[in-house]
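Hi,

Here's the structure I promised to pass on. Have it open while you read, and I'll walk you through what turned up.

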Amino acid sequence: MAKQFQSVQGFNDILYPEVGKFQHIESVSRQYFGLFNFKEVKTPVLEQAGLFVRSIGNGTDIVEKEMYIFEDKGGEILSLRPEGTAPAVRAYLEHNIDRQDAIQKWFYIGPMFRHERPQKGRFRQFHQAGVEVFGIDDPFADIEVILLADKIVSSLAVKGVTVRLNSIGCPACRPVYLRELKSYLNGITDRLCEDCKRRIDTNPMRVLDCKKEGCMAATAGAPKTTDYLCSVCSAHFSTLRSGLDALRQGYTIDTRLVRGLDYYSRTVFEFTAEDAGAQNAVLAGGRYDYLVELLGGAHTPAIGFAMGIERIAALIDMPAVHGPDIFFIPITEEARVRAIGLADRLRRADKTCEIGYGEKTIKSMMRRADRLNAAMVIIIGKDELRDGSITLKRLSDGLQEKVDDATLLEAVRRMSQ
Ligand code: ATP
Ligand code: MG
């Protein structure tokens, strides 16, 4: 029969053993999220499209080109979530969490969707693990969030990672900066790409983030956000830097670092990996002190990050894969009943078991046990059924032992050593 269906472009299946990397990244992330006392939030993958348009902003790549947006049968305009922060803020407000305890530390892990051109490190469905801290404006919250990100990325042994840091000011000082930037950009329009020409009016800071060489060269002398910070932003940034220095957290100041989303203020940071080619950002975050307000809540400072799981997965080694501890080879129906009972006992003792049903002969089942890289096999053949015994065989050296039900677990443990 002809193959009829394929996965949608940019949407990937993640199969074993590659899925082991994802599980590893997720479990290391969960471990540190837990140690830093963050609590998990699971929000839906579908939201009202307006949530993202309002929060991420009209002049951003995500809203302009990348959103999966559609009208459902009830006529509602919905979007697959392109990121996790706006939904977290929506949930924070919808459940009145701010009125119970404004300070919240949340994490999420899940798929995000952006209609981008699929290429290395860039997919249409990808996964992020991220955190959000609500209700703290102290720069030490920024420090802890950056340390947490660094803990995860270092524990995953991602090599050659640089932490880039910048401050993009607040509604008090940014307008002055934007005016200066716009007038600078208006003087160099002939050297900018078409996208950037448009961005001068819609989202001028994004011009600094353009990856095209021409634009990068043209904006080399552009005004820097850090030269325009108000005293409050400036104090925040300097406490942040001295705290990171005191804690020996490495970072480099990158005054061109801006974020592709409108809602950031003050602190922005990105973790980039040397060897990752063009898609080298593995984690990005920053402060968003005005987003909760923008979505209808009380003024609530906040900071967070999102880590790209696929991009990390591309940079780490495959974790060791283990075969089952025991592969059962039962040759008759009666033997299978016994195998299932014994497997249940062994599983309760934390031993991974698989029972052979698909193959007909002992020989073919032995081959399958080998393929699965099982540590041991248990053969329940005619002899074993007759005298109620079990033959246990270690595959690494062929060591074999005949035991009974009562001594099986002990023998398995002995042979595991
Ligand atoms: P980029 O500049 O690479 O487009 P971004 O600024 O759009 O990244 P964010 O919105 O900050 O990315 O998302 C945080 C992280 O999620 C990124 O640093 C990256 O690791 C990952 N990420 C973003 N978009 C994709 C994608 N399309 N495919 C895979 N990972 C992605
Ligand atoms: Mg992007």
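Let's start with Y290, which counts as partly exposed because its relative accessibility is 30%. You'll find Y290 in the loop between β10 and α11, the latter being residues 291-294. Try picking out Y264 as well: Y290 and Y264 are 26 residues apart in sequence, and their C-alpha atoms are 8.0 Å apart in space. Before going further, keep in mind that this is a predicted model.

Next, go to strand β10, where R287 sits. Is R287 buried or exposed? R287 is buried, as its relative accessible area is 0%. What does its side chain touch? The R287 side chain makes a polar contact with the side chain of D289, at 2.8 Å. There's also a polar contact between the side chains of R287 and H236, this one at 3.4 Å.

**The ligand**

Strand β10 comes up again around ligand 1. How many residues surround ligand 1? There are 16, and the closest are R114, E116, R122, R259 and A281. A few contacts are good ones to click on:

- R114 has a polar side-chain atom 2.8 Å from an oxygen atom of ligand 1.
- F123 uses its backbone instead: an N or O atom there lies 2.9 Å from a nitrogen atom of ligand 1.
- A281 also has a backbone N or O atom by the ligand, 2.8 Å from an oxygen atom of ligand 1.

Taken on its own, ligand 1 has 590 Å² of accessible area, and the protein covers 90% of it. Which elements give two or more residues to the shell around ligand 1? They are β6 (125-134), β10 (281-287) and β11 (302-308). Of the whole shell, the largest share comes from β10, with 4 residues. If you colour the shell by residue type, you should get 8 nonpolar, 3 polar and 5 charged residues.

**Zooming out**

The chain is divided into two pieces: domain 1 is 19-173 + 229-313, and domain 2 is 326-416. Their C-alpha centres, for domain 1 and domain 2, lie 49 Å apart.

For a sense of distance along the chain versus distance in space, look at V145. It's found in helix α6, residues 139-155. V145 counts as buried, because its relative accessibility is 1%. V145 and K212 are 67 residues apart in sequence, and from C-alpha to C-alpha they are 31 Å apart in space.

**The cysteines**

How many disulfides does the structure hold? The count is 0. Why is C193 not bonded to C196? The sulfur of C196 is the closest cysteine sulfur to that of C193, but at 3.7 Å it's too far for a bond. For comparison, the cut-off for a disulfide is a pair of sulfur atoms within 2.5 Å. C215 is in no disulfide either; the nearest cysteine sulfur to it belongs to C193 and is 3.7 Å away. As for their surroundings, C193 counts as buried because its relative accessibility is 14%. C215 is buried too, with a relative accessible area of 2%.

**Some backbone oddities**

A bit of background first: most residues other than glycine have a negative phi, and most peptide bonds are trans. Now for the exceptions I'd like you to look at.

The peptide bond from Y16 to P17 is cis, with omega near 5°. P17 lies in the segment before α1, which is residues 18-35.

N37 has a positive phi, near 60°, even though it's a residue other than glycine. Where does N37 lie? N37 is in the loop between α1 and β1 (39-40). With 45% relative accessibility, N37 counts as partly exposed.

R266 has a positive phi as well, near 50°, and again this is a residue other than glycine. R266 lies in a strand, β9, which covers residues 265-273. Since its relative accessibility is 11%, R266 counts as buried.

If you'd like an order for your own tour, begin with the ligand, then visit the cysteines, and finish with the backbone. Send me any questions that come up along the way.

Cheers

Methods: Residues numbered from 1 in each chain as written. Chains lettered and ligands numbered in written order. Predicted model: local features only at pLDDT ≥ 70, side-chain atom pairs only at ≥ 80, totals over all residues. Heavy atoms only, no water. Near = heavy atom within 4 Å. Polar contact = N/O pair within 3.5 Å; in protein donor to acceptor, adjacent residues only side chain to side chain. Areas by Shrake-Rupley, 256 points an atom, 1.4 Å probe, with all protein chains shown as cover. Nonpolar A, V, L, I, M, F, W, Y, C, P; charged D, E, K, R; others polar. Domains from an automatic or database assignment. Buried < 20%, exposed > 50% of the residue type's maximum accessible area, 1.4 Å probe, protein only.
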